[in-house]
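Please look through the sequence and the model below before reading on. The paragraphs that follow take the DNA contacts first and then the relation between the protein chains.

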Protein chains: 2
Amino acid sequence: MDENIDLPALEKLRGFLASAQLPDDGRLPPERELAQSLDIGRAVLRKALATLQAEGVVWRHVGKGTFTGERPIDTVADINAMVQRTNPFEVMGARIAFEPEVARCAALNATGAQVAEIRNCMLKAQQAPTWRQYEQWDNKLHRTIGEASQNSLLLGLLDTLNAVRRAVTWGRLRDTPVRPPADHHSFAEHIEIVQAIGDRDAAGAYEAMRRHLRSVESHMRNRG
Amino acid sequence: MDENIDLPALEKLRGFLASAQLPDDGRLPPERELAQSLDIGRAVLRKALATLQAEGVVWRHVGKGTFTGERPIDTVADINAMVQRTNPFEVMGARIAFEPEVARCAALNATGAQVAEIRNCMLKAQQAPTWRQYEQWDNKLHRTIGEASQNSLLLGLLDTLNAVRRAVTWGRLRDTPVRPPADHHSFAEHIEIVQAIGDRDAAGAYEAMRRHLRSVESHMRNRG
DNA sequence: TGTAAAAACCAATTGCATATTGGGTTGGGT
DNA sequence: ACCCAACCCAATATGCAATTGGTTTTTACA
């Protein structure tokens, strides 16, 4: 902490914070304006603000303003940052960590209509005439399982994960045959997942999804 | 599919897509410009584009443009939308689904320095003189566990989850006593989590984190 | 001469008007 | 009946001036 702090100014600022009616986002008036209304210089105010920032009472950001409370972690537009930071194996690891839990929640919470939709997606994926359409139905299958968890936040996180996955694997379809072979490993795995969800078997759904993604991971490694 | 499709125009468009040098985001020229350069009408082009969009070859968005490939799910992690849609119980459910898996990965992957930092956060949380500082160290403990997973995507998802959590629980500290009581339930639970991570016990870390969050959940219910 | 305050400058961000883009309709021509 | 050109609308992007925090320079005073 800076020892040159002006204590009367700091007390004025604390008094302001204790009594001010601030907007919902906790934004303080601009420094120039606040200095004037507290009848102190801006440089003095800035020192007092720096003290309060070090205590976690306020946070400041160039161009945005000064706000009460702790600085939020910056997550807006973080998808691009995530994409830059990660790689296909991390994406697989995150899926293996996350999606079995989503399947578990789906087994506990899915409506009958959602179970039927999950089955439909699985069948459509098996019957898909091209890899592109197989991927579309595969994506829809996984997302419908996320919807069936009945937890909008889990679904939001799953969508974030899939957005990163697609960005990381962009262009990956170029060198594949026309459609998946009839013995494509995911088909049997999908059947097990969907069966467990339909049976309301949470642990079974968790294990089946985990086996599926481990299998996807090892195929990815062999193709590496 | 629309049966009024103009096949020569569709072939012209496919030919364009096969040979064009497009920017990295796969953006096509604006419709008016593309219609001119292909020497077809804009309405005809729009029909051809609609056909390709139905096949998943391109996607279009008012005001943005036309792009190759499938329509991405909203790629900006829209934290505000998640916050509006969810509630504290969903947040708890998502944490219970997600954070034990993060603890499992941390037990397998943490460096020695990270284990030491995790311990430090735990001790600092126990010694915190105010609830505000306890929360700061608690947040840091959970985030350090996320870092220790050595998976930047898992960490990104955890940050997203915590950003939503903070927004949903905004202002929750107002009516609490000065500091956590010495027998605050989380203290013993933190010890178990940190012990399991330090012991490299993945299943133990998973179970300890799950018990901790279930305990937080039931305290939340009783307080509700 | 040293210090504090005021003024000026810089980088990051916001707000707003205008331009652009896809979506669609209308009228005229073949 | 269909296509084309022109036009309109809603969503989005772009560019620029204003705003905001961060810092340096200048000025005034003791």
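How far does a polar side-chain atom of B:T66 lie from a phosphate oxygen of DNA strand C? In this predicted model, the distance is 3.1 Å. The bases are contacted as well. A base nitrogen of DNA strand C is 2.6 Å from a polar side-chain atom of B:R42, and a polar backbone atom of B:G63 lies 3.2 Å from a base oxygen of the strand. The surface near DNA strand C draws two or more residues from each of several elements: in chain B these are α2 (31–38), α3 (42–54), β1 (58–61) and β2 (65–68), and in chain A the element is α3 (42–54).

Altogether, 19 residues surround DNA strand C. The closest are A:H61 from chain A and B:E31, B:R42, B:R46 and B:R60 from chain B. By residue class, nine residues of this surface are charged, six are polar and four are nonpolar. On the DNA side, sugar or phosphate accounts for 64% of the strand C atoms within 4 Å of the protein, and bases account for the rest.

Now to the two protein chains. Two copies of a chain are related by a rotation about an axis and a shift along it. Here a turn of 179° with a shift of 0.2 Å along the axis lays chain A on chain B, with an RMSD of 0.5 Å. That is the relation of a two-fold axis. The interface residues fit into this picture: 95% of those in chain A are also interface residues in chain B, so the copies meet through the same surface.

How values were computed
Residues are numbered from 1 along each chain as its sequence is written. Chains are lettered from A and ligands numbered from 1 in the order in which they are written. This is a predicted model: local features need pLDDT of at least 70, side-chain atom pairs count only at pLDDT 80 or more; totals for chains, interfaces and linings use all residues. Side-chain values use heavy atoms; hydrogens and water are left out. A residue is near a molecule or strand if one of its heavy atoms lies within 4 Å of it. A polar contact is a pair of N or O atoms within 3.5 Å; within protein, one must be able to donate a hydrogen and the other to accept it, and residues adjacent in sequence count only if both atoms are side-chain atoms. Helices (H or I, at least four residues) and strands (E, at least two) are DSSP runs, numbered from the N terminus. Ala, Val, Leu, Ile, Met, Phe, Trp, Tyr, Cys and Pro count as nonpolar, Asp, Glu, Lys and Arg as charged, and the others, Gly among them, as polar. Copies are superposed by least squares on the C-alpha atoms of residues with pLDDT of at least 70 in both. Contact means heavy atoms within 4.5 Å.
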